[in-house]
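Biologist: I have just opened this structure and I'm not sure how to read it. Could you walk me through some features, one at a time?

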Amino acid sequence: MAELLQTMVRDRAGDVALTDERTTRTWAELDRSVDRWIGVLRGAGLDVGDRVAFVLGNRHETFEALLACVHAGLVAVPVNWHLTAPEIAHILTDCGARAVLTEAAYAPTVRDAVARTPDGPDLLMSVDGGDGCTPVDDLPVGPPVAALSGGVLLYTSGTSGRPKGVVNPLLKVGAPIDRVAATTEALGGGLGIPTQGQALLVGPWYHSAQLFFAQFPLLRGCGLVLRRGFDPVEVLRVIDEEKITISHLVPTQFVRLLRVDAATRAAFSGASLARIWHGGGPCPPETKRAMIEWWGPVFVEYYAATEAGIVTLADSHTWLARPGTVGRPAPPTEVVVVDDEGRPLPAGREGRVAVRRPPGRGFHYHNAPEQTEQAHVAPDTFTVGDLGHLDADGYLFLTGRSAELIVTGGVNVYPAEVEAVLSTHPAVQDSVVIGVPDEEFGEQVRAVVQLDPAWPAQGVEQALDAHCRTSLAGFKVPRSYEVVDRIPREPTGKLPRGALRDRYRPAAVSPGLLADPASYLTGVPHDEFARRRRDAPVAWVEEVELTRTDQDRSVRSRGRGFWAVTRHSAVSEVSRDPATFSSAAGGAFLADPRTPEDLHRNRQLLINMDAPEHAWVRRLVAGAFTPRAVGRLGELVTRHAEEVVARAVAARDIDVVADLAAELPLLVLTDLLGVPREDRRLLFDWSNNLVGFDDPRYGGGSVQRYRDTFAAAFSYVRELAAQRRAAPTDDLLSLLVHAEADGRGLTDAQLCQLWLLLVIAGNETTRHLISNGVQALLEHPEQRDRLIAEPDLTASAVEELLRFVTPIMQFRRTATRDTVLDGTRIAAGDKVVIYYASANRDPAAFTDPDRLDLARDPNPHLAFGIGPHFCLGAHLARLEMAAFLTAIRPHLARLRLTGPVRRMRTNFMNAVTAMPARFDVAPEGE
Ligand code: HEM
């Protein structure tokens, strides 16, 4: 006798309790059937606490056997039937399954899995045959046993990749059976699970929410109608014919239902429906509105996780009143939103969503204490990594899943698990798996892979697909691949998953991408710029929180956000209107000065000045940068370029950045600035530390290192300036210390700042032009060959490479008054960032802007800016690049990249930090 069914057997024994495509069971029949299963399972020697793995579809036997486990003190372990043999074997081993229950369709895989399980289960049973399985009907029925509470052990992968069992205290194995009845009663009341009506299950029952919303209604007295899979037309028919009252669906199923032809939809009544629970991934608001319009306000959205159970619920009225909410937790469950350190955040602030339960009501991972600990942010408070915020009334809004998790069609895919499989293929040197938007499934699995250089890219997708299918269930296998030069791991080995994922989001939902220095580790986000130019040419960008260290203290700061200006016309307009868009008000750099003193100090720098001071300083230095003045350097620059290239060619195996791109501007600068040549390493390090402030390999976010760099550079230039005052030479520093306009010269602070600006502007920019330029040429061999064949192309090639790679991606301005730009209202005081990198790919200004065309003419690029701050060093930079191209031309055909190109973590420059390459040996006679 199945105790938990007795009320129904007593009151309505002949009513239908369980229906699938083939069988119908009344409550009396279900009771007998469960009883028989108890006898079979215990008769097979299974004892209280033993685990029984279920690799079984949505069918009546599944629920009969599940109820038997609940009554017989056994632990049911639901296994996703899409899993491959190695995946199933892992679960069997981890849970120590003593028996496996399956069906003919999955029997071969399950047999294989059992064979791979050392000390594997003694018993492999099937409900409908299958080689190597014992038919359940052949098993003897043991004597009756006392009913004791069983349980369910659900497996979830977590971020670490391999599935882990989640142990929660909902059902206490071995406890008196009354306890299950009490739990069912309490839960059912709290969650609004009715005691009669018809429940429909059309999703895979092994999923925690599907199981929950099928098994508990059944235990409370609802009939349960099962379908093996989801067919939208069939679902509509079953709801009306079986008078379904409750069900659980996922957003992907809504999308498919909404796509059913109009006639079928119109014929659907849905009058019986009382409640549809949904969760399993964010539901697009328009989809949900369309469902509410069609089926009425029957939808109850929940927030849940296998680890947490149901945490919040929001009915349709709540959702319509607060669109997007998933509801409020019911006491004693609490939701707290915490920052990365686990500290609670106030209402309105986004962070990780954590669940707090009374002691003893939490969860732990079976066999994985470390992961259990990692999930806990405080005692009895844990998070599964979802992101969100609470409003002032305690309603939870989810803003994203953790960067790791992919939710496709309501099913979780854990990238680490897929990456682990990809890494075992010889073609793959590194990989990162992310979710990208998919209209039907919400997200789809995409693998970004870095190939072993020796592996041909052709056909690799098919090879990887076949490889993944051998050990991963189909839903986890990547639907698309992207081959990249390098996976931009941070030095710690961490992946900027969020930044990669954001690349695929529409502009409106990638608010932080342009601000995040990590976004640029994979290169300039041209797709994002294209979307913005098209859909949101001037749009708000949220700044991301950045960690700085100041005197051993870690300080988190987040800028207040800015307007990203992306069209060519608007970037010009802003640059040419310093009265409205000031360089002095907040400085020309994206990051805000930390203190008013910092702002004041920054304003000593030419680039952070407005008229009239700007014009005055500019006049003092401009003489050194006129075409005539720079022309005088021509011979010197050519000689440096030839020497640098000759040394690199002789070395054969080189780093394009260190050996070619960095050397030339440093040598030129030392001559220009009057710095002894052997000190050029100092200039290199200073500018790396300042431009690479956000890159752990350079500035490391260390405010102290930033200050030390300034102090070192300033004390260096002060000493040098004293020498030049005493004994002038023909270098720029001599000019600067003696220069006067309107009867006054530069202050000490202005001199130091200007000199350091020239150091940075003069070497970083040209370096990145050369290294990115080399990469662009090597990636466009037909353009490279043109350059080799047509020396006259050099001047236009310099301009095109400047446009194509745009070494400085952006500068910043601050609005001085309310204004309108590209139709967008900008308020006085707002930060405005002008993206040269985007302007230079604007189709409104350039034909076929993504094509590298060394002969392009006209080429109105904005790589040097425009307006009063137009680059002072433009002539010099052009001269250097032309000299470089001329010197490298004879060797260019033999140069090829040999390893991954590494980029700097900065949102300011298009900066390359390493580019391994080789000059192949010249053929005989060359
Ligand atoms: C490919 C190389 C270069 C690029 C792409 C580049 C780009 C730029 C840009 C976009 C600006 C405009 C700033 C603004 O509007 O706020 C600028 C300003 C400036 N650049 Fe360059 N630059 C390069 C090379 C150089 C060199 C070689 C020097 C000097 C040795 C230099 C010195 C300056 C100075 C002093 C300013 C400030 C001008 C002012 O505020 O009036 N640049 N540069």
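Modeller: Let's start with N367, in the loop between β20 and α13 (369-375). Keep in mind that this is a predicted model.

Biologist: What is the phi of N367 like?

Modeller: Positive, about 65°, although N367 is not a glycine. R652 has a positive phi of about 65° too, and R652 is not a glycine either. You'll find R652 in the loop between α22 (634-651) and β34 (653-655).

Biologist: Is R652 buried or exposed? And how does N367 count?

Modeller: You count C-beta atoms around the residue; 12 or fewer within 10 Å makes it exposed. R652 has 12 others within 10 Å, so R652 is exposed. N367 has 14 C-beta neighbours inside 10 Å, so N367 counts as partly exposed.

Biologist: Back to β20, then. Which sheet is it in?

Modeller: An open sheet of 3 strands, ordered β9-β10-β20, with antiparallel pairing. β9 (154-156) and β20 (364-365) are at the edges with a single partner strand each, so one side of each has no neighbour in the sheet. Between β10 (residues 164-167) and β20 there are 2 bridges, in the antiparallel sense. If you want a spot to click on, V166 stands opposite Y365 in β20.

Biologist: Where do the side chains of a strand go?

Modeller: In a regular strand they alternate between the two faces of the sheet. Try strand β5 (residues 99-102): A99 and L101 point one way, V100 and T102 the other way, and all are buried.

Biologist: Which strands pair with β5?

Modeller: Strand β3 (residues 51-55) runs parallel to β5 and is joined to it by 4 bridges. Strand β6 (residues 123-126) also pairs with β5 in the parallel sense, over 4 bridges. L101 is a handy landmark: L101 is the bridge partner of F54, and in β6 the partner of L101 is M125.

Biologist: Now helices. How do α26 and α28 pack?

Modeller: You look at the angle between the axes and at how far apart they are. For α26 (residues 703-726) and α28, the angle is about 110° and the axes are 10 Å apart. Angles of 65 to 115 degrees count as roughly perpendicular, and therefore these two helices are roughly perpendicular to each other. On the α26 side the contact is made by A713, F714, V717, R718 and A721, and on the α28 side by L751, C752, W755 and L756. By class, that contact has 8 nonpolar, no polar and 1 charged residues.

Biologist: There's a ligand as well. How many residues surround the ligand?

Modeller: 26, and the closest are G762, G865, H869, C871 and G873. You can also ask which elements supply the shell. α28 (748-779) and α32 (874-888) each give at least two residues, and α28 has the largest share, with 7 residues.

Biologist: What classes do the residues of that shell fall into?

Modeller: 17 are nonpolar, 8 polar and 1 charged.

Biologist: One last thing: which peptide bonds are cis?

Modeller: You read that from omega. A cis peptide bond joins P331 and P332, with omega about 10°; P332 is in the loop between β17 (325-329) and β18 (334-338). Another cis bond runs from A611 to P612, with omega near 0°. P612 is in the loop between α19 (596-602) and α20 (613-622).

Definitions and conventions: Residues are numbered from 1 along each chain as its sequence is written. This is a predicted model: local features need pLDDT of at least 70, side-chain atom pairs count only at pLDDT 80 or more; totals for chains, interfaces and linings use all residues. A residue is near a molecule or strand if its C-beta atom, placed from the backbone, lies within 6 Å of it. Ala, Val, Leu, Ile, Met, Phe, Trp, Tyr, Cys and Pro count as nonpolar, Asp, Glu, Lys and Arg as charged, and the others, Gly among them, as polar. Axes are lines fitted to C-alpha atoms, for helices over the stretch in contact, and angles run from 0 to 180 degrees between N-to-C directions. Angles under 35 degrees count as roughly parallel, over 145 as roughly antiparallel, 65 to 115 as roughly perpendicular and the rest as oblique. Two residues are in contact if their C-beta atoms, placed from the backbone, lie within 7 Å. A residue is buried if 20 or more other C-beta atoms lie within 10 Å of its own, exposed if 12 or fewer, and partly exposed in between; C-beta atoms are placed from the backbone. Two strands pair if DSSP finds at least two bridges between them.
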